[in-house]
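Here is a friendly walk through one model, starting from a single residue and working outwards. Have the structure open and turn it as you read.

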Amino acid sequence: MMRSIHYLVIPLALGLAACAADGAGNGEPVDSDGDGLSDSWEEDNGLDAELADSDGDGFTDGEEVFGYADAADPTDHPYTGGYERHPWPADLENEEAGYQVGLVAPNFQLQDSHGDMVSLWSFYGDVILVKNSAYWCGPCRGSEEEAQARYDARHQDGFIQLTLLGEGWTNGVAATDQELIDWAEEFGSAYPVLKDEGWGVSNGYEQDGGIPTYSIIGRDMRIQTLDQGADTGLIDQLMTEPFPEVEWDMPGEEIESDDSDVEVDDTVAPVGVTPFGGTGNSDAFESTTVPTPYGGASCSTAAGSAGLAGLLFGLLGLAIRRR
Ligand SMILES: [Ca+2]
Ligand SMILES: [Ca+2]
Ligand SMILES: [Ca+2]
Ligand SMILES: [Ca+2]
């Protein structure tokens with residue numbers, strides 16, 4: 001739970017001030033489009049203050065900003081699968097990266113079973129277990145039986161598994177979209193199941209040609225083991241390390257709103273400037289409007305009608321959103 005604090009301090013302090021100002025009826029941040037972000041913050045960060053969904057990808061600007069997605073890039077949005085994204089430090093790109101223990105794991109984007117493009121670095125801060133496997137591979141299937149339980153026991157404290165399918169049912173052929181879905185359903189995978197066509201990423205982690213195999217990445221995105229087993233002892237040891245500090249430009253005067261009431265228009269062209277670096281995906285894909293995976297009560301509702309208990313619940317909601 002400690003890992004969320006560095007995201008929380010400033011936004012919550014200012015968010016509380018915004019609520020107080022709201023209650024007093026002056027100094028209230030204006031949120032013209034009801035997307036949870038004030039007009040002034042949107043204008044300062046290149047978003048459309050008159051449009052809830054600036055980039056037209058079906059997610060409101062507030063959902064995207066609080067979900068660490070790029071609200072000005074229609075190919076990037078909170079993951080449909082609900083697995084939490086995190087910001088990564090800007091200087092990570094300057095670190096030496098490579099498939100070698102001790103180096104930063106190279107970033108990648110692969111398609112998951114929901115059709116989203118999932119970025120490795122968006123899990124910065126989690127201990128990451130990368131599994132190399134294939135749909136046709138019996139031992140890969142056998143070992144996947146325990147994966148969800150391993151994930152359930154740990155993900156709240158910062159753990160994720162990424163299952164990479166290098167091939168589908170047919171040897172030598174990439175997994176189909178349906179095979180990704182079937183795999184996730186068969187094993188109840190709430191973690192990403194990813195299509196690694198042509199073993200493009202897996203070949204980096206795979207050293208001796210045998211699957212299944214696992215690699216472990218620490219909270220700082222540095223590779224800890226390569227092409228080994230799913231060493232839960234090491235995973236648990238790495239999870240005792242503190243969540244790394246990341247500076248991230250989060251709005252300080254946000255207005256929490258009920259995004260479900262906000263109309264989104266997927267015909268609108270994206271605005272030009274992204275407020276965040278490095279989170280965009282290169283491949284466009286069709287997206288649909290889905291409920292945000294991030295819950296949380298409304299700040300303005302809490303201040304206006306639900307009293308102190310509601311306000312505290314709202315702040316708890318904010319805390320959950322920013323983990
Ligand atoms: Ca707004
Ligand atoms: Ca907006
Ligand atoms: Ca959007
Ligand atoms: Ca977006």
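## Starting at Val-127

Let us begin with Val-127, which sits in strand β3. Please keep in mind that this is a predicted model. Is Val-127 buried or exposed? Within 10 Å of Val-127 there are 25 other C-beta atoms, and a residue is called buried from 20 upwards, so Val-127 is buried.

Which residues does Val-127 touch, leaving aside those up to four places away in sequence? The contacts are Gly-158, Phe-159, Gly-218, Arg-219, Ile-235, Leu-238 and Met-239. Asp-220 is 93 residues from Val-127 along the chain, yet the two C-alpha atoms are separated by 8.5 Å.

## The nonpolar core

Now look at the largest nonpolar core, which has 40 residues. Ile-128, Val-130 and Leu-165 have the most contacts inside this core. At least two core residues come from each of β2 (117-119), β3 (127-133), β4 (159-165), α6 (177-187), β5 (193-195), β6 (213-217), β7 (223-228) and α8 (232-239). Strand β4 gives the largest share, with five residues. As background, nonpolar side chains in soluble globular proteins tend to be buried together.

Val-130 is a good residue to click on next. Not counting residues up to four places away in sequence, Val-130 touches Leu-162, Leu-164, Tyr-205, Tyr-214, Ser-215 and Ile-217. Apart from the largest core lies another core, of ten residues, including Leu-47, Phe-66, Tyr-68 and Ala-72.

## Strand β6 and its partners

Why is β6 described as largely enclosed by the rest of the structure? Five of its five residues are buried, so the strand is largely enclosed. Burial applies to both faces of β6: one side has Thr-213, Ser-215 and Ile-217, while the other has Tyr-214 and Ile-216.

Follow the pairing next. Five bridges link β3 and β6 in the antiparallel sense, and Asn-132 has Thr-213 in β6 as its bridge partner. Strands β6 and β7 also run antiparallel, joined by three bridges, and here Ile-217 stands opposite Ile-223 in β7. In the hairpin of β6 and β7 there are five residues between the strands, and Met-221 has a positive phi near 70°.

## Helix α6 and its two sides

Helix α6 shows a buried side and an exposed one. Its buried residues are Glu-179, Leu-180, Trp-183 and Ala-184. Viewed down the axis of α6, these buried residues fall within an arc of 135°, so they line one face of the helix. An α-helix has 3.6 residues a turn, so residues three or four places apart point the same way.

What covers the buried residues of α6? The covering elements include β1, β4 and β5. On the face turned away from the buried side, α6 carries the exposed residues Gln-178, Glu-185 and Glu-186. After α6 comes Gly-188, with a positive phi near 60°.

## Out in a loop: Asn-94

To finish, visit Asn-94, in the loop between α3 (61-66) and β1 (109-112). Asn-94 has 9 C-beta neighbours inside 10 Å, so this residue counts as exposed. Asn-94 and Val-104 are ten residues apart along the chain, and their C-alpha atoms are separated by 9.9 Å.

Key:
Residues numbered from 1 in each chain as written. Chains lettered and ligands numbered in written order. Predicted model: local features only at pLDDT ≥ 70, side-chain atom pairs only at ≥ 80, totals over all residues. Core = buried A, V, L, I, M, F, W, Y, C linked by C-beta atoms within 7 Å. Buried ≥ 20, exposed ≤ 12 C-beta atoms within 10 Å, placed from the backbone. Helix = DSSP H or I, 4+ residues; strand = E, 2+ residues; numbered from the N terminus. Contact = placed C-beta atoms within 7 Å. Pairing = 2+ DSSP bridges. Arc of directions from axis to C-beta.
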